[in-house]
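The following exercises are to be worked with the sequence and the coordinates side by side. Each task is followed by a solution in steps.

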Amino acid sequence: MRAARVALKKKEVTLFGKKRYTTLPQKKRKANMTAWSYSSINTFKQCPKKYYHLKVAKDVKDTGSQAMLYGNQVHKAAENFIKEGTPIPKKFEYMNPIVNSLNAIEGDKHCELRFGVAYDGNEHTPTTFFAKDVWWRGIADLIIVDGEKAFLIDYKTGKNAKYADTAQLDLLAAATFTHFPEVNHIKSALAYVVSNEFIKKDHTRELQSLYYATFDEPLEALAAAEEHNVWNAISSPLCGWCPVTSCEHHRKR
Ligand code: SF4
């Protein structure tokens with residue numbers, strides 16, 4: 001593993017009326033890259049070295065924090081409630097207002113829907129989560145499809161909606177348009193089940209390719225890192241939570 005910096009060639013594009021810079025080398029990226037997800041690209045953005053150990057060398061495992069385990073239980077409780085009508089366990093009863101309001105929405109409900117999207121450099125097409133041709137994969141906590149409209153929900157167990165990142169909703173909305181050709185409009189939300197807040201967003205089919213482009217810049221950096229096998233360490237306060245204990249920047253919390 002080398003430690004030199006990779007220089008990226010950039011090109012100007014216009015997204016949502018604003019100039020942005022990206023290379024968008026879609027065909028090259030498709031040929032060279034492993035499948036990505038919202039969480040994997042964020043790991044890369046946080047620290048390429050951490051990404052390398054978790055996703056490339058796979059010599060380190062992230063066993064998950066208590067917060068992650070708690071989040072998984074909350075997701076399961078919501079899924080069981082919407083899918084099977086199983087009452088929400090007492091310890092999570094604070095989420096009843098949110099799941100009741102979601103359950104009341106008309107339409108076909110899909111819980112924990114695993115999306116896979118293939119990409120040939122021109123077109124995004126549906127595939128399965130673990131397919132050989134999968135380019136992006138993600139899990140939608142809840143999708144309700146009602147004709148050409150859909151609702152898309154991602155549950156959050158964090159207490160502070162102030163720092164909500166809605167980029168995940170853009171990706172899931174793009175995948176929903178790919179997998180449900182009848183859907184033209186999506187209302188999405190990060191549902192903060194503890195504070196009973198919704199951070200909402202609207203999506204239209206016309207902007208689908210821009211939603212897929214949300215992470216073009218870090219994906220280009222990832223493609224370059226893979227091509228050159230260069231994985232720079234980026235130290236931050238998060239190093240205290242990093243599972244790469246062999247890293248010189250790792251420290252005890
Ligand atoms: S300890 Fe910090 S710098 Fe080292 S791999 Fe982890 S996140 Fe990166």
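Two strands pair if DSSP finds at least two bridges between them. Helices (H or I, at least four residues) and strands (E, at least two) are DSSP runs, numbered from the N terminus. The model is predicted: local features need pLDDT of at least 70, side-chain atom pairs count only at pLDDT 80 or more, and totals for chains, interfaces and linings use all residues. Residues are numbered from 1 along each chain as its sequence is written.

**Exercise 1. The sheet**

Determine the strand order of the open sheet of 6 strands, and describe the pairing of strand 6.

Solution.

Step 1. The chain holds 8 helices and 8 strands. The open sheet has the order 4-3-5-6-7-8, and its pairing is mixed. Strand 4 (124–127) and strand 8 (197–204) are at the edges with a single partner strand each, so one side of each lacks a neighbour in the sheet. On average, neighbouring strands are turned by 40° against each other, direction ignored.

Step 2. Strand 6 pairs in the parallel sense with strand 7 (residues 185–192) over 8 bridges. A150 has I186 of strand 7 as its bridge partner.

Step 3. Strand 5 (residues 134–146) runs antiparallel to strand 6, joined to it by 5 bridges. I144 is bridged to F151 of strand 6, and L142 to I153 of strand 6. The two strands form a hairpin with 2 residues between them, and G147 in the turn has a positive phi of about 65°.

Step 4. Strand 6 (residues 149–156) is mostly covered, with 6 of its 8 residues buried. A residue is buried if 20 or more other C-beta atoms lie within 10 Å of its own, exposed if 12 or fewer, and partly exposed in between, with C-beta atoms placed from the backbone. For the chain of 253 residues, 30% count as buried.

**Exercise 2. Helix 2 and its partners**

Classify the packing of helix 2 against helix 3 and against helix 8.

Solution.

Step 1. Two packed helices are described by the angle between their axes and the distance between the axes. Axes are lines fitted to C-alpha atoms, for helices over the stretch in contact, and angles run from 0 to 180 degrees between N-to-C directions. Angles under 35 degrees count as roughly parallel, over 145 as roughly antiparallel, 65 to 115 as roughly perpendicular and the rest as oblique.

Step 2. The axes of helix 2 (residues 38–46) and helix 3 (residues 48–56) come within 5 Å and cross at roughly 135°. The two helices are therefore oblique to each other. Residues are in contact if their C-beta atoms, placed from the backbone, lie within 7 Å. Helix 2 contributes S40, T43, F44 and Q46 to this contact, and helix 3 contributes P48, K50, Y51, L54 and K55.

Step 3. For helix 2 and helix 8 (216–228), the angle is about 70° and the axes are 10 Å apart. Helix 2 is thus roughly perpendicular to helix 8. I41, F44 and K45 of helix 2 meet P218, L219 and L222 of helix 8. By class, this contact has 5 nonpolar, no polar and 1 charged residues. Here Ala, Val, Leu, Ile, Met, Phe, Trp, Tyr, Cys and Pro count as nonpolar, Asp, Glu, Lys and Arg as charged, and the others, Gly among them, as polar.

Step 4. In helix 3, 7 of 9 residues are buried, namely P48, K49, K50, Y51, Y52, H53 and L54. Their cover includes helix 2 and helix 8.

**Exercise 3. Positive phi**

Where do N196 and N229 lie, and is each one buried, partly exposed or exposed?

Solution.

Step 1. Most residues other than glycine have a negative phi, and most peptide bonds are trans. N196 has a positive phi of about 55°, and phi of N229 is near 50°.

Step 2. N196 lies in the loop between strand 7 and strand 8. N196 is partly exposed, with 14 other C-beta atoms within 10 Å.

Step 3. N229 is in the segment after helix 8. N229 is exposed, with 11 other C-beta atoms within 10 Å.

**Exercise 4. The ligand shell**

How many residues surround the ligand, and which are the closest?

Solution.

Step 1. A residue is near a molecule or strand if its C-beta atom, placed from the backbone, lies within 6 Å of it. The ligand is surrounded by 13 residues, of which C47, C239, C242, C247 and H249 are the closest.

Step 2. The shell divides into 8 nonpolar, 3 polar and 2 charged residues.

Terms used
Contact = placed C-beta atoms within 7 Å.
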